[in-house]
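Subject: Structure handover

Hello,

I am passing a structure on to you, with notes on what was found in it. Please look it over before reading further.

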Amino acid sequence: MTKELLISAIVFGLFVVCPRMAGMTHILKNHTSAPLVITVLLGIAFSVPLLLLMIFVFSKFGVWGALGICVLTDLGAAFLMKEISITAGLETFIIAVFVIIGVKIAPVITGIAAGLFKG
């Protein structure tokens, strides 16, 4: 295993554990009687093909395509939990917009910051 692969894998793991994930875990804990550790482990197994699908879609259609997959999976989760509503759809849309803005603006801000720190 190369150093680059190890660092990339750790970074990916840190990205996956995000505030949104904590919120969803909290909802599952409070609204289901399913054991949380088993739910997480089974969820990881279920998510692997979805992550591979997102990688494929991203390679073909870019961030817009990958974001579409993310929005669909969020709506699917909401539907399965029987909590889908106009509010859930709107929240998903707003989060998607912020992700798009972040993905598009991050390189611009980074370029400006790199120029400032160069000297």
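The mean pLDDT (the predictor's confidence in each residue, from 0 to 100) of the protein chain is 85, and 94% of its residues reach 70 or more. This is a predicted model, in which local features need pLDDT of at least 70, side-chain atom pairs count only at pLDDT 80 or more, and totals for chains, interfaces and linings use all residues. Residues are numbered from 1 along each chain as its sequence is written, and side-chain values use heavy atoms, without hydrogens and water.

Helices here are DSSP runs (H or I, at least four residues), numbered from the N terminus. Confidence is highest in helix 1 (residues 3–16), at a mean of 92, and lowest in helix 2 (residues 19–31), at 79.

Helix 3 (36–80) is not straight. A straight helix of 45 residues would span 66 Å at 1.5 Å a residue (the expected span is 1.5 Å times one less than the number of residues), but helix 3 spans only 17 Å between its end C-alpha atoms. A kink of about 140° in helix 3 is centred on Phe61; the bend is the angle between axes fitted to the seven residues ending at a residue and the seven starting there. Among the buried residues of helix 3 (under 20% relative accessible area, 1.4 Å probe, protein chains only) are Val57, Val63 and Gly65.

Regards

Terms used:
Helices (H or I, at least four residues) and strands (E, at least two) are DSSP runs, numbered from the N terminus. Buried means under 20% relative accessible area, exposed over 50%, partly exposed in between (1.4 Å probe, protein chains only).
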